[in-house]
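Subject: Structure handover

Hello,

Here is the structure I promised you. Please open it alongside this note.

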Amino acid sequence: MPPRSDTPPRLSRADAGAGQRVPVLLAGAPRHLRVAPVADSGGAVTRSHLGDGRCVGWYAPPVPGWRVAVDAERADAPLPTALVRRFGATDFWARWTRVECLAKLADVPVAIWWQRHGLEVPPGTVWLWRTLPLTNLVITVAFAPTPP
């Protein structure tokens with residue numbers, strides 16, 4: 001399966017500068033992601049725990065003024081019936097991992113996010129993300145400007 005990226009919104013002028021490094025990091029995301037046992041992933045900037053005891057960690061240098069989150073799911077995992085009924089099955093794990101990241105960055109419980117936005121990104125956001133397959137996983141890495 002070829003890498004797939006969501007098209008992120010454009011940055012506003014206020015987000016220029018260090019934020020110009022974010023698209024470069026996202027373009028090279030596979031180089032900055034590692035799948036390892038929990039015990040071996042302590043050096044990650046951020047990580048996502050998988051149900052089998054592994055973590056997907058993000059190992060790129062921090063970007064001043066930006067926060068980063070990662071979420072991963074097994075691509076072959078069964079889709080949760082109740083959530084598929086509510087949000088649809090098309091690109092479910094890609095939309096799911098993206099929303100998990102954005103909810104983390106917004107400091108909002110994912111259940112609250114679902115009530116407000118479903119599995120969608122609110123219009124006008126300046127968050128940047130990339131969703132990609134890596135081995136048997138669907139992974140999203142997302143960045144958001146640090147609040148003032």
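Below is what I found, sheet by sheet and then helix by helix.

One caution before the details: this is a predicted model.

**The β1-β3-β2 sheet**

Three strands form an open sheet in the order β1-β3-β2, and the pairing is antiparallel. β1 (33-37) and β2 are the edge strands, each pairing on one side only. From one strand to the next, the twist averages 25°. β2 and β3 (residues 54-58) run antiparallel and are joined by four bridges.

Ser48 is a good place to start looking. It sits in strand β2, residues 46-49. Across in β3, Val56 stands opposite Ser48. Is Ser48 buried or exposed? Its relative accessible area is 2%, under the 20% cut-off, so Ser48 counts as buried.

What does the Ser48 side chain touch in the way of polar partners? It makes a polar contact with the side chain of Asp71, at 3.4 Å. Beyond its neighbours within four places in sequence, Ser48 is in contact with Arg54, Cys55, Val56, Val70, Asp71 and Ala72. Val56 is thus on that contact list and also stands opposite Ser48 in β3.

**The β4-β6-β5 sheet**

Another open sheet of three strands has the order β4-β6-β5, again with antiparallel pairing. β4 (66-74) and β5 (128-134) are at the edges with a single partner strand each, so one side of each has no neighbour in the sheet. Neighbouring strands here are turned by 15° against each other on average, direction ignored.

β5 pairs with β6 (residues 137-145) in the antiparallel sense, over seven bridges. For a landmark in that pairing, take Trp129: its bridge partner in β6 is Ala142.

**Helix α4**

α4 lies across β4, β5 and β6. Its direction is about 145° to β4. The helix covers residues 92-106.

Does its length come out as expected or not, and what is the span? At 1.5 Å a residue, the 15 residues should span 21 Å. The end C-alpha atoms are 21 Å apart, which agrees.

How enclosed is α4? Of its 15 residues, 13 are buried, so the helix is largely enclosed by the rest of the structure. Just after α4, Asp107 takes a positive phi of about 55°.

**Helix α5**

Ala111 lies in α5, which covers residues 110-117. Its relative accessible area is 38%, between the 20% and 50% cut-offs, so Ala111 is partly exposed. Ala111 and Glu100 are eleven residues apart along the chain, and their C-alpha atoms are separated by 9.8 Å.

**Cysteines**

How many disulfides does the structure hold? Zero. Cys55 is buried, with a relative accessible area of 0%. Cys101 also counts as buried, at 0% relative accessibility. Cys55 is one of the residues in contact with Ser48.

**Where to look**

For a quick tour, begin at Ser48 and its polar contact with Asp71. Then go to Trp129 and Ala142, the bridge partners. Finish on α4, where it lies across β4, β5 and β6.

Best wishes

Conventions: Residues numbered from 1 in each chain as written. Predicted model: local features only at pLDDT ≥ 70, side-chain atom pairs only at ≥ 80, totals over all residues. Heavy atoms only, no water. Helix = DSSP H or I, 4+ residues; strand = E, 2+ residues; numbered from the N terminus. Buried < 20%, exposed > 50% of the residue type's maximum accessible area, 1.4 Å probe, protein only. Expected span 1.5 Å × (residues − 1). Polar contact = N/O pair within 3.5 Å; in protein donor to acceptor, adjacent residues only side chain to side chain. Contact = heavy atoms within 4.5 Å. Disulfide = S-S within 2.5 Å. Pairing = 2+ DSSP bridges. Axes fitted to C-alpha atoms, helices over the stretch in contact; angles between N-to-C directions.
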